[in-house]
Amino acid sequence: MTTDLGQRAIDQARKHGGKLEVSPKVSIKNKEDLSIAYTPGVASVSSAIANDPALGYTLTTKKNTVAVVSDGTAVLGLGDIGPLAAMPVMEGKAALFKAFAGVDAIPIVLDTKDPDEIVRIIKAMAPTFGGINLEDISAPRCFEIEQRLIEECDIPVFHDDQHGTAIVVLAAVFNSLKLIGKELAQAKIVVNGGGSAGLSITRKLLAAGATDVTVVDRFGIINQADQNKLAPHHFEIAKVTNKEGRSGGLDKALEGADIFIGVSAPGVLKAEWIALMADKPIIFAMANPVPEIYPDQALAAGAYIVGTGRSDFPNQINNVLAFPGIFRGALDARAKTITIEMQIAAAKGIASLVTDEELSPTHIIPGAFDAGVADLVAKSVRDATDHKV
């Protein structure tokens with residue numbers, strides 16, 4: 001069923017034929033313009049780059065261009081809808097890159113699900129780009145694809161579904177813990193969802209200083225004792241989580257927890273389970289469009305802070321706060337990779353945009369259109385990179 005908003009999106013796409021176009025930066029109005037922009041003048045530019053490949057960053061669009069690449073296997077809440085149907089999402093992501101951080105992004109969808117082929121294709125076209133943003137690739141394939149590309153490419157590769165969401169969640173956690181007077185190392189955290197986002201959130205939390213994180217998937221608490229039943233990526237996360245060795249479902253995991261982070265499925269958090277949590281429970285219910293629990297239900301059940309992935313409730317945890325500025329900073333620094341240190345720095349930058357005076361249970365995170373978000377994230381990333389131009 002198409003909503004009014006959905007119909008307007010279709011109408012907009014039909015009117016404009018997509019969201020993007022290519023516009024030249026230089027004038028091409030006469031023969032001299034033509035001879036400079038193309039042949040014979042362009043041969044001198046190509047020769048200069050052939051002699052010094054580093055000039056590719058200053059003499060071409062590479063320095064400001066990112067590829068947004070998907071195979072269409074995990075698109076929004078729609079699942080495996082194929083590459084062509086994924087194209088509008090990639091166009092939208094590219095439009096956000098430009099609108100929020102001035103980064104030129106090219107949407108690319110691949111008609112293959114084979115990790116080897118995806119890696120080969122992206123690696124082959126990498127010279128065109130200053131960075132690669134992987135998008136909507138299903139787990140666990142996305143882990144292998146990203147890691148191999150990080151190792152084999154000399155430009156930053158970033159799977160936003162994993163890391164962008166995790167960075168903004170980390171920023172929201174920093175500010176929420178300020179309000180309840182706890183340090184990250186003291187907090188007991190439950191992550192519901194064992195997919196790419198949930199595992200990345202968990203690893204960011206641990207890298208930032210969390211010591212007590214439990215991950216739950218649809219089969220229950222991920223426990224190292226269940227090694228024979230676990231997928232390899234779940235066994236790896238089990239080694240560094242669930243320090244109490246708990247088994248059971250989400251309700252068991254939530255006993256005494258300070259924070260619930262949901263990147264899972266609609267309605268899975270029962271209101272009565274919030275009473276099992278610690279004082280002033282923090283609920284991030286980010287399943288979209290229907291969250292694990294609606295904010296009014298969570299607040300009525302005793303939640304102190306509630307965030308969702310939706311724009312129609314307070315505390316929207318939106319990865320647009322992260323990815324434009326992260327790539328802006330990485331491109332400006334000509335970074336080879338986007339390290340965990342750069343990602344934590346980005347989270348701290350986002351959190352800092354909410355001042356102590358502004359901080360409240362309904363305002364723990366800046367809005368997507370707040371001034372200076374991308375600029376501060378980019379600066380945080382540049383300052384944290386170990387590669388300086």
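A nonpolar core is a set of buried Ala, Val, Leu, Ile, Met, Phe, Trp, Tyr and Cys residues joined through side-chain atoms within 4.5 Å. In the predicted model described here, the largest such core has 62 residues. Within this core, the residues with the most contacts are V173, I189, L205, I261, F284, I326 and I350. Helix 8, which covers residues 160-180, supplies the largest share of the core, namely eleven residues. A second core, separate from the largest one, consists of 28 residues, among them Y57, L110, L199 and I237.

The surroundings of I350 illustrate how one core residue is placed. When neighbours within four places in sequence are left aside, I350 is in contact with I167, V168, A171, L321, A322, I365, P366 and V377.

The overall organisation of the chain was examined next. The chain comprises 15 helices and ten strands. Its radius of gyration is 22 Å, close to the 21 Å that the globule rule gives for 389 residues, and the chain is therefore as compact as a globular protein of that length. Along the principal axes, the C-alpha trace spans about 75 × 45 × 45 Å. Of the 389 residues, 49% count as buried. Contacts between residues at least 6 apart in sequence were also considered: 66% of them join residues at least 24 apart. The surface exposed by the chain amounts to about 18400 Å², of which carbon and sulfur atoms supply 55%.

Aromatic side chains form a further group of features. Five aromatic pairs are present in the structure. One of them joins F97 and F323 in an edge-to-face arrangement, with 4.9 Å from centre to centre and 65° between the planes. This pair links distant parts of the chain, since F97 belongs to helix 5 (residues 83-101) and F323 to helix 13 (residues 323-333), 226 residues apart. F97 has a relative accessibility of 0% and therefore counts as buried, the cut-off being under 20% relative accessible area. F323 is likewise buried, because its relative accessible area is 1%.

Another pair is formed by F158 and F327. The ring centres of F158 and F327 lie 5.8 Å apart and the planes stand at 90°, so this pair is edge-to-face. Distant parts of the chain are again linked, with F158 in strand 4 (residues 157-159) and F327 in helix 13, 169 residues apart. F158 counts as buried because its relative accessibility is 1%. F327, with a relative accessible area of 0%, is buried as well. Together, F97, F158, F323 and F327 form one aromatic cluster.

Charged side chains are also found over aromatic rings. K93 lies over the face of F323, at 4.3 Å from the ring centre; F323 is thus a member of the aromatic cluster and also the ring beneath K93. In a second case, the charged end of K280 sits over the ring of Y304, 5.1 Å from the centre of that ring.

The backbone shows particular features in several loops. A cis peptide bond joins T39 and P40, with omega at about 5°. P40 is found in the loop between helix 2 (31-37) and helix 3 (42-51). The peptide bond from N288 to P289 is cis too, and its omega is near 5°. P289 lies in the loop between strand 9 (282-285) and helix 12 (295-300).

Positive phi values were found in residues other than glycine. For D136, phi is near 55°. D136 is located in the loop between strand 3 (131-134) and helix 7 (141-152). With a relative accessibility of 3%, D136 counts as buried. N315, which is not a glycine either, has a positive phi of about 60°. The loop that holds N315 runs between strand 10 (305-308) and helix 13. N315 is buried, because its relative accessible area is 6% and the cut-off for burial is under 20%.

Conventions:
Residues numbered from 1 in each chain as written. Predicted model: local features only at pLDDT ≥ 70, side-chain atom pairs only at ≥ 80, totals over all residues. Heavy atoms only, no water. Buried < 20%, exposed > 50% of the residue type's maximum accessible area, 1.4 Å probe, protein only. Helix = DSSP H or I, 4+ residues; strand = E, 2+ residues; numbered from the N terminus. Contact = heavy atoms within 4.5 Å. Phe/Tyr/Trp six-rings, centres within 6.5 Å; stacked < 30°, edge-to-face > 60°. Lys NZ or Arg CZ within 6 Å of the ring centre and 35° of its normal. Rg over C-alpha atoms; globule rule 2.2 N^0.38 Å. Areas by Shrake-Rupley, 256 points an atom, 1.4 Å probe, with all protein chains shown as cover.
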